[in-house]
Amino acid sequence: MTTQELIAAGLQLPLMEAFYTIQGEGKFTGHPAYFIRLGGCDVGCVWCDVKESWEAGKWPIVGIEEIVKGALVHPARLVVITGGEPLMYNLGPLTELLKEKGFTINIETSGAHPFSGNFDWVCFSPKKFKKPHPSIYEQADELKVVIFHSSDFAFAEEHAEFVNPSCDLRLQPEWSKAERFLPEIIEYVKNRPFWKISLQTHKFMDIP
Ligand code: SF4
């Protein structure tokens, strides 16, 4: 198989970085986890804090066995697959192998590409810059909407209508706008208690 065919089959993936840290956001805040950050994203968020991830060709193509080997070195059995936009790839084989090794597997995705893989927790963070693929709505365990502009509250409600009733709903201030929007988010959640607040606590802890 050529490299392109191996990537299409999900057996090799562009790996920007992988690191052991504490999950800072969302439902799993505070949990130690191994992050697998895949390169490549075509969503184009203006406030993206990993713009260097966008170009997939910049990153080494790594076999999934090697990726899993990296995760096994650390004591926690929680993996977070992120990007870039990880659903640009077929995540079936990687998640299958991680499952075989006993990992709980979470994903952070904008949902902009068709869903693939077997996950324990799907954190869906839709972006205005590229419409989510319809396959994400039934998969989402958590809807996390970044608040960067006042219109993002309405955007959050639009997506909340399509996820399962059991989906965790969270609003997260964009880091550079946290001071501006946090008071508004606090009031919003107090008045609509089906929403919760997510903060980027890893930035307070100064960890990746
Ligand atoms: Fe950045 Fe994520 Fe938006 Fe892609 S989807 S541009 S990686 S914030």
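For sorting residues by class, Asp, Glu, Lys and Arg count as charged, the ten residues Ala, Val, Leu, Ile, Met, Phe, Trp, Tyr, Cys and Pro as nonpolar, and the others, Gly among them, as polar. With that in hand, a look at the empty space in this predicted model can start with what is sealed inside.

Rolling a probe the size of a water molecule over the atoms shows where empty space is left. Here, the structure holds one cavity of 30 Å³ or more, and the volume of the largest cavity comes to about 40 Å³. Its lining is made up of Q23, E25, G26, K27, F28, N106, E108, W121, C123, E142 and K144. Strand 5, strand 6 and strand 7 are the elements that put two or more residues into this lining. Sorted by class, the lining of the largest cavity breaks down into five charged, three polar and three nonpolar residues.

Then there is the open space. The largest pocket has a volume of about 830 Å³. A total of 37 residues line this pocket, and E25, R37, D49, V50 and T82 are the ones that lie nearest its centre. E25 thus turns up in the pocket lining and also in the lining of the largest cavity. At least two residues of the pocket lining come from each of strand 1 (12–22), strand 2 (32–38), strand 5 (104–109), strand 7 (142–147) and helix 6 (201–205). Strand 1 gives the most, with three residues. As for chemistry, the lining of the largest pocket has 14 nonpolar and 14 polar residues, plus nine charged ones.

Strand 7 shows up in both linings, and deserves a closer look. Six of its six residues are buried, so strand 7 is largely enclosed by the rest of the structure. In a regular strand the side chains alternate between the two faces of the sheet. In strand 7, E142, K144 and V146 point one way, while L143, V145 and I147 point the other way. Two of these residues, E142 and K144, are also among those that line the largest cavity.

The neighbours of strand 7 fill in the picture. Strand 6 (residues 121–124) runs parallel to strand 7 and is joined to it by two bridges; F124 has L143 as its bridge partner. Strand 8 (residues 168–173) also runs parallel to strand 7, with six bridges between them. Here E142 is partnered with D168. Between strand 7 and strand 8 comes helix 4 (residues 152–160), and the three together make a right-handed β-α-β unit.

Conventions: Residues numbered from 1 in each chain as written. Predicted model: local features only at pLDDT ≥ 70, side-chain atom pairs only at ≥ 80, totals over all residues. Heavy atoms only, no water. 1 Å grid on protein atoms, 1.4 Å probe; cavity = no way out; pocket = protein on both sides within 12 Å on 5 of 7 lines; lining within 4 Å. Points joined across faces, edges and corners; volume = space filled by probe spheres on them. Helix = DSSP H or I, 4+ residues; strand = E, 2+ residues; numbered from the N terminus. Buried < 20%, exposed > 50% of the residue type's maximum accessible area, 1.4 Å probe, protein only. Pairing = 2+ DSSP bridges. Right-handed = clockwise from strand over helix to strand, strands pointing away.
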